[in-house]
Each structure stands twice: as structure tokens, then as C-alpha cells.
Amino acid sequence: MDDKRSEFMERVEAKQGELIALTQELIRIPTLNPPGEFYRDICEYLERRLKGAGFVTELIRAVGTPGDSEKYPRWNIVARREGAHSGECVHFNSHIDVVTIGQGWTRDPFGGELIDGKIYGRGSCDMKGGLATSIIAVEAFLEVWPDFSGAIEISGTADEETGGFGGVAYLSEQGFFSPEKVQHVIIPEPLHKDRVCLGHRGVFWAEIETHGRIAHGSMPFLGDCAVRHMGAVMAEMEASLFPALAAKRTDMPVIPEGAKQSTMNINSIHGGQVEPEAGFTGLPSPLVPDHCKMIVDRRFLLEENIEDVEAELRAVLEKVKSERPDFRYDFTPIHSVIPSMTAKDAPVVTTVADAIEAVMHKKAEYVVSPGTYDQKHIDRIGRMKNCIAYGPGILDLAHQPDEYIEVSDMLDSAKVMGLALAELLTGTPAANQGG
Ligand SMILES: [Zn+2]
């Protein structure tokens with residue numbers, strides 16, 4: 001390995017204490033979303049840090065996006081550092097929000113405790129550890145290659161956990177991710193330090209409502225039970241839809257294995273009277289339910305198109321309608337995301353894969369996320385196709401109690417990120433040439 005690359009690896013190792021402290025400080029700012037707290041605080045913290053590393057920073061509030069209010073403003077930070085010569089821009093994008101704590105914690109969720117090489121806390125893995133890793137990687141890179149060409153950007157963005165509308169979607173609309181401005185995007189989501197995540201499956205959410213007629217529960221024949229109609233919908237889904245989805249396999253390298261097919265979750269069903277409040281000891285009243293609502297969450301593949309996904313669900317309802325007199329329904333699409341997958345030969349993919357091989361001494365694995373993340377906006381709104389997720393951390397720990405990130409994984413990932421920067425911005429090959 002050439003001298004500069006070895007020097008860079010040593011610098012990353014030397015920054016271990018700094019990396020730990022930075023991760024802990026980010027975890028200690030409790031940026032819970034919803035409702036979207038402390039975005040301004042974390043952006044100001046990042047601004048101080050990145051200005052210290054020579055970045056020009058911009059704080060951008062996504063005014064008027066879902067959730068944005070005077071109480072909970074949607075703040076984002078974009079920081080840019082120009083190189084010594086003109087060239088391409090590499091952008092690291094991390095979301096700054098974390099999901100609710102939930103139950104079952106044995107550690108302080110916002111303490112950032114360091115125990116046996118692991119830093120605990122909500123957002124440690126998803127994805128403040130990844131954010132801290134990218135900052136340390138960039139700082140070490142700047143020390144070794146100060147005369148790089150092009151530019152480096154680091155952003156901290158709001159609301160990824162709730163769709164990204166007040167974060168990357170807004171910034172994409174404002175031109176921050178246009179291919180003229182940014183040529184390579186790395187999103188340090190926790191996909192494991194030796195994997196390159198090329199994209200994600202698609203999403204289609206819909207609300208299905210069946211209608212009935214209210215009547216006295218002792219004479220159901222005088223009414224029409226909306227819950228039984230919904231039962232017929234579910235029976236048809238079991239008989240035809242779920243087997244059809246399981247039969248659709250994808251060539252996308254989706255992880256885990258079970259997500260290499262089309263899937264659908266029934267998120268909720270509500271029919272009849274509302275649940276009594278806790279502590280209410282009375283009996284429910286005898287009524288025939290006059291409506292029933294279901295929310296479905298369909299995840300689809302690059303090989304499918306969204307029109308077919310919608311038509312398939314409508315076909316289930318039409319089939320039930322043809323078999324049940326009085327069956328009436330509404331079908332309302334409520335949310336969708338088109339699948340995204342960056343080509344395996346895209347420059348950011350091959351570079352990061354080379355860097356993984358150089359640091360980890362094994363071939364990079366290519367994966368696709370079963371869910372979605374902010375790449376969808378960078379692809380669809382920003383029109384930027386040269387984008388991946390790559391970062392430290394174990395995906396399964398995201399959103400769990402006692403979430404943690406391993407310090408050694410962050411160090412390895414920082415080395416990968418820095419060697420990728422060296423290849424893209426200085427022409428130093430990440431991996432040894434010619435074996
Ligand atoms: Zn995340």
C-alpha cells in the first residue's frame with residue numbers, strides 16, 4: 001500500500017477518541033422524530049464542527065413541508081469544502097432524526113455510553129455513528145490530501161424516518177442534489193461495513209374501506225356487516241394475492257433473503273365500534289359494523305411497475321365484488337415510492353467496493369434494502385443516479401432497544417470512505433493495481 005494511504009489509515013486510527021466523542025455528542029442531542037425535536041441544535045453543533053474543518057455551511061429550513069412548524073422547524077445543514085483544483089463533488093448525506101425510544105432499554109437511550117467497544121443509544125447505529133464516521137473520514141482525508149481536486153459535501157438532513165419530505169426531498173427540490181452540483185453520493189446508513197447498498201424496493205400503501213349498514217346486533221340480517229365483507233377481502237388475498245406475491249422473485253440483491261420477493265403487510269384493520277378506553281368496565285353495544293378500514297403496505301420489485309401493483313389489489317376487490325351481492329368498497333392509494341437501484345458499474349459503487357477490498361481484504365457484497373431511504377429522493381427529484389448507501393453498523397439493530405454501534409466498525413468504515421475519497425478526488429487508487 002502506498003505511503004499516503006498507509007498514513008491515512010494511521011490517522012484514522014489516531015482519531016478513535018475523537019470519533020467516540022463525536023458519536024456520543026450526536027447521540028446526546030435527542031432528535032426524536034416525530035415530532036422532530038432539536039434539529040436546529042444538532043445543525044448548529046455540526047456547523048461548528050464542520051466550519052472548524054474548513055467547510056462553508058448553510059442551514060436550510062424546509063418551510064411548509066409536512067411537520068414543519070414554529071415549534072418543530074425542519075432544519076437541515078449542507079456543508080461544502082472546495083478542493084485546490086476543480087473536479088467532481090463527493091457528498092455524504094446522513095439523516096439527523098431518530099425514531100422513538102420504545103420499551104426494553106437497559107442503557108440510557110441518550111447517554112452515549114461506551115461499553116466494551118460499543119456506543120449505545122437511540123440513533124447510534126441508525127445513523128449518528130455513520131454521520132460521525134463520515135466526518136472523521138473527511139477530516140483525516142483533508143490532513144493527508146489537502147491539495148485534492150473537486151469538492152466534498154456533508155449534509156445532515158431531517159425527517160428521513162418519516163419520509164424525508166422536510167429533508168432530502170426538500171433539498172433535492174432546491175437543487176442541492178442535481179448532477180451538475182454533486183457527482184457522487186454516499187449515504188452512511190447502517191448496511192454493514194463490507195456491503196455496498198445499491199438501492200431499495202418500491203412502496204405502495206393503500207387504504208381499503210368496505211361499507212355496510214348499521215343495525216341492531218340481534219338482527220344482523222337487517223344490516224350489512226362491513227367486517228364480514230373485509231373478511232372476504234382477506235380470504236381472497238390469502239387465496240390468490242399472497243401466493244402470487246411470493247412467486248415474484250427479483251434479480252435485485254435484496255436483503256434479507258425473505259425480501260427477495262414481493263411482499264405485503266396488512267398494517268391495520270379497524271371495523272365496528274372503537275376500542276373502549278382502558279379502565280372502562282361496561283359492555284359494548286350490539287351493533288352491526290357499517291364500515292371497516294384496512295391499510296396495506298405493499299413492497300414491490302424493480303421488475304414490477306406501480307400501475308400493475310395497484311391493479312392487482314383492485315382485481316382482488318373486484319373479484320370479491322363479483323361474488324358478494326351488496327359488496328361496496330373504496331380504494332385509496334396513500335403513499336408510493338418507486339424502486340431505485342444504482343448500476344453496479346457506477347463510479348461510486350466500484351470505488352467504494354475497491355476501498356472495502358483494500359481495508360477488509362475481502363470482496364464487497366452488493367445489497368438492496370428491503371425498505372426505502374433517502375436515495376429515493378436523490379434519484380427521483382435530484383436525478384442523481386450515482387448514489388449508494390454505505391456505512392457502519394448492523395441493520396437489524398436499527399430502531400431496536402439497546403441500539404449500539406461498534407467503534408471498530410466505524411473505524412473500518414472511515415478508512416473505506418477516506419480511500420474512496422482519495423480515488424475519486426486525487427486519483428490515488430483505493431486498491432492496489434495489478435494484484
Ligand atoms: Zn436510517
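This passage describes the zinc site, the sheets and several of the helices of a predicted model.

The zinc ion is held by protein donors that come from His 95 (NE2), Asp 126 (OD) and Glu 189, the last of these being listed with two OE entries, and these donors lie 1.8 to 2.7 Å from the ion. Along the chain, the donors follow the spacing H-x30-D-x62-E. The site links distant parts of the chain, for His 95 belongs to strand S3 (residues 85-95), whereas Glu 189 sits in the loop between strand S7 (184-187) and strand S8 (195-200), 94 residues apart from His 95. Both His 95 and Glu 189 are buried. The angles that the 4 donor atoms subtend around the zinc ion run from 52 to 144 degrees, and the arrangement is therefore irregular; a tetrahedral assignment would require all angles to lie between 85 and 135 degrees.

Strand S3, which carries His 95, is joined to strand S6 by 8 bridges, and the two strands run parallel. Within this pairing, Ser 94 has Gly 156 of S6 as its bridge partner. Strand S6 (residues 149-157) is also joined to S2 by 6 bridges, in this case with the strands running antiparallel. In the pairing of S2 with S6, Val 78 stands opposite Ser 155, and Arg 80 has Glu 153 as its bridge partner. Strand S6 is mostly covered, since 8 of its 9 residues are buried.

Strand S2 (residues 75-82) is joined in turn to strand S1 (residues 56-61), again by 6 bridges and in the antiparallel sense. Here Val 78 of S2 is the bridge partner of Glu 58, and Val 78 also stands opposite Ser 155 in S6. The loop between S1 and S2 contains Gly 64, which has a relative accessibility of 69% and therefore counts as exposed, the cut-off for this class being over 50%. The C-alpha atom of Gly 64 is separated by 26 Å from that of Gly 371, a residue 307 positions away along the chain.

A further group of 3 strands forms an open sheet with the order S4-S5-S16, in which the pairing is antiparallel. Strands S4 and S16 are the edge strands of this sheet, each of them pairing on one side only. Strands S5 and S16 pair in the antiparallel sense over 3 bridges, and Tyr 120 has Tyr 404 of S16 as its bridge partner. Helix H4 packs on the sheet and touches S5 and S16, with a direction that makes about 45 degrees with that of S16. Helix H10 likewise packs on the sheet, where it touches S4, S5 and S16, and its direction makes about 60 degrees with that of S16.

The helices around this sheet can be described in further detail. For the 21 residues of H4, a rise of 1.5 Å a residue leads to an expected span of 30 Å, and the end C-alpha atoms of this helix are 28 Å apart, which agrees. Because 20 of the 21 residues of H4 are buried, this helix is largely enclosed by the rest of the structure. In helix H2 (residues 16-27), the 12 residues should span 16 Å at the rise of 1.5 Å a residue, and the end C-alpha atoms are 17 Å apart, which agrees. The buried residues of H2 include Leu 19, Ile 20, Leu 22 and Thr 23, as well as Gln 24, Leu 26 and Ile 27. These buried residues of H2 pack against several elements, among them helix H3 (39-52), helix H4 (124-144), helix H10 (407-426) and the strands S4 (114-115), S5 (118-120) and S16 (404-406).

Another open sheet consists of 4 strands in the order S10-S11-S9-S12, with antiparallel pairing. The edge strands are S10 (263-271) and S12 (328-337), each of which pairs on one side only. On average, and with direction ignored, neighbouring strands of this sheet are turned by 15 degrees against each other. Strand S10 is joined to strand S11 (residues 291-300) by 8 bridges in the antiparallel sense, and Thr 263 stands opposite Arg 299 in S11. Helix H6 (residues 226-247) packs on the sheet and touches strand S9 (202-211), S10 and S11, its direction making about 175 degrees with that of S10. Helix H7 (residues 306-323) lies across S9, S10, S11 and S12, and runs at about 165 degrees to S12.

How values were computed:
Residues numbered from 1 in each chain as written. Predicted model: local features only at pLDDT ≥ 70, side-chain atom pairs only at ≥ 80, totals over all residues. Heavy atoms only, no water. Expected span 1.5 Å × (residues − 1). Buried < 20%, exposed > 50% of the residue type's maximum accessible area, 1.4 Å probe, protein only. Contact = heavy atoms within 4.5 Å. Donors = N, O, S within 2.8 Å, 3.2 Å for Na, K, Ca; no water. Tetrahedral: all angles 85-135°; square planar, octahedral: opposite > 155°, others 65-115°. Pairing = 2+ DSSP bridges. Axes fitted to C-alpha atoms, helices over the stretch in contact; angles between N-to-C directions.
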